[in-house]
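Could you walk me through this model, stop by stop? I have it open in the viewer and would like to know what to select next and what is there.

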Amino acid sequence: MDFLTAYDAVPEADAAQRVALLRRKTAMDRAGLLRELRAVRPVFATPLGVFVTRHPDVLEVLSTPEVFTVGVFGPALEEVLGAPFVLSRDGADVHWRERGYGQLVLAPEDAPRVRALTVSLADGVLDAALAGAAERGSATFDLIQDYAWPAAARVAVEYLGFTGIPEETLHSCTRRMQWAFAVNPGGDPDVHTAGTAAGKELHDRVAALIADRRASSESPDDVLGRMLRTRLPAEFGFDDERINANLVGYLTGYQQNATQCVATAIKELAVRPEVLAEAERAAAEPDPARFDAYVWEALRFHPFVPATPRLCVRDHVLAAGTPRRTAIPSGTPVVAWLSSAMFDEDVVESPTEFRTGRPPSHNLVLGYGAHDCLGRYAASVIVPELVRRVLLRPGVRPPPGAEQSMDHAGTPYPQHYTVTAGPEGP
Ligand code: HEM
């Protein structure tokens, strides 16, 4: 029986059973559910909110912040960070102004330098992971624990400027923070408390770091250094606490995402041996542009953010003038399914085929619209380069047959991914 037939058979009044059915299907066959919804009920009202699954409608939700706000998770994010942030607000003050500020300090022209930094730091972490495997007499190592997160955190220390803060702290704090604001729909108080404690820990570390930097005559050439040198008019009230909230917010938008993207991109390439071979050839070219496209296309199949919720704050007709036209009342939570939009058969040609060179608007891995990724220029070099460093080592691959074997260790995201620590090849 298809999903909607089973769902519709449950009386509307039995919301608990409908939710259970929806959660089960989402966990077991999300791609199948979204395919069915796109075809049959592209705007789907559920007790969990309205699921929006088609490409133009997802874009409409994400680019209409005066109607669809981040109010679903904004308050939790503010509690976790202890302060407002671009991703916790919409409208004139924090969001509009500090988006501009973020575009200034996370400058596109940093990209070549960040790429070079990623090459050297990631190679060092990879060498250490291989040496660790050799010492243990092991033929494998854990790509996520031994490489992806420490390499991502090391880049964060050097580029964003978390000087002297242990990488372990950056990773474990952002993990608890991310879970508390982004993947705690039931509002589990323990998850929330752990997230706010982690946010406070990072805030306090960064406050001490800012005090040290202010007391020093040196001003390192990293994002924090740029923030401390930037003067905004006093009436904006942009003090060191705002610098702190923004820097910690940037890390929260980056660390877990980068870690997971490395593992899932390698998985998506490894399950397609012919594509992997092409990507390996592209990785060896001096210009990484052709290789990068493999990574972003791989992530289309497994994005870190498959869906992002919004709160409808004003009665709105979605997809007006189309057969999907749906009135959404104020107060309704809406789920914008990025992962579904990227497979919308009416917009994306042969969406299930792995193809580089698709139009940029078909790849929503870094979000879309009012809250799209502020770190996109950094992300667009760090993520592919972290993957490229691995593919340049022919001995480091998921073992044959274990390409899909990611261990979530009871958490919302993969925590372990075994790869071979074999000879490095010619
Ligand atoms: C590493 C891979 C990354 C991925 C996959 C990623 C993904 C995303 C996505 C999907 C969004 C949209 C969220 C939404 O609409 O609810 C977003 C927003 C954001 N990202 Fe990233 N991101 C990455 C890296 C970074 C980096 C390097 C930074 C900063 C250094 C960053 C900072 C942000 C911020 C501040 C926002 C919120 C922007 C706003 O609310 O206006 N991200 N990111």
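Start at the iron atom of the ligand and select Cys373: its SG, at 2.3 Å, is the only protein donor. Donors here are N, O and S atoms within 2.8 Å of the metal (3.2 Å for Na, K and Ca), and water is not among the atoms, so sites may look incomplete. Cys373 sits in the loop between α14 (338-341) and α15; helices (H or I, at least four residues) and strands (E, at least two) are DSSP runs numbered from the N terminus.

Before moving on, a word on what you're looking at. This is a predicted model, where local features need pLDDT of at least 70 and side-chain atom pairs count only at pLDDT 80 or more, while totals for chains, interfaces and linings use all residues. Residues are numbered from 1 along each chain as its sequence is written, and side-chain values use heavy atoms, with hydrogens and water left out.

Next, select everything around the ligand, taking residues with a heavy atom within 4 Å of it. You should get 28 residues, the closest being Arg99, Thr308, Arg310, His371 and Cys373. Colour them by type and you'll see 18 nonpolar, seven polar and three charged. In this scheme Ala, Val, Leu, Ile, Met, Phe, Trp, Tyr, Cys and Pro are nonpolar, Asp, Glu, Lys and Arg are charged, and the others, Gly among them, are polar.

Now zoom in on His371, where a polar side-chain atom lies 2.5 Å from a ligand oxygen. Val86 has a polar backbone atom 3.4 Å from an oxygen of the ligand, and Leu87 also offers a polar backbone atom at 3.4 Å from a ligand oxygen. Polar contacts of this kind are pairs of N or O atoms within 3.5 Å; within protein, one must be able to donate a hydrogen and the other to accept it, and residues adjacent in sequence count only if both atoms are side-chain atoms. Which elements give two or more residues to the shell? They are α5 (92-105), α11 (240-270), β5 (308-312) and α15 (376-391), with α11 supplying the largest share, six residues.

Last stop: the aromatic rings. There are twelve aromatic pairs, counting rings of Phe, Tyr and Trp (its six-membered ring) whose centres lie within 6.5 Å, with planes under 30 degrees apart called stacked, over 60 edge-to-face and the rest tilted. Select Tyr101 and Phe238, a tilted pair at 4.4 Å centre to centre with 50° between the planes. Tyr101 is in helix α5 and Phe238 in the loop between α10 (223-229) and α11, so this pair ties together parts 137 residues apart in sequence.
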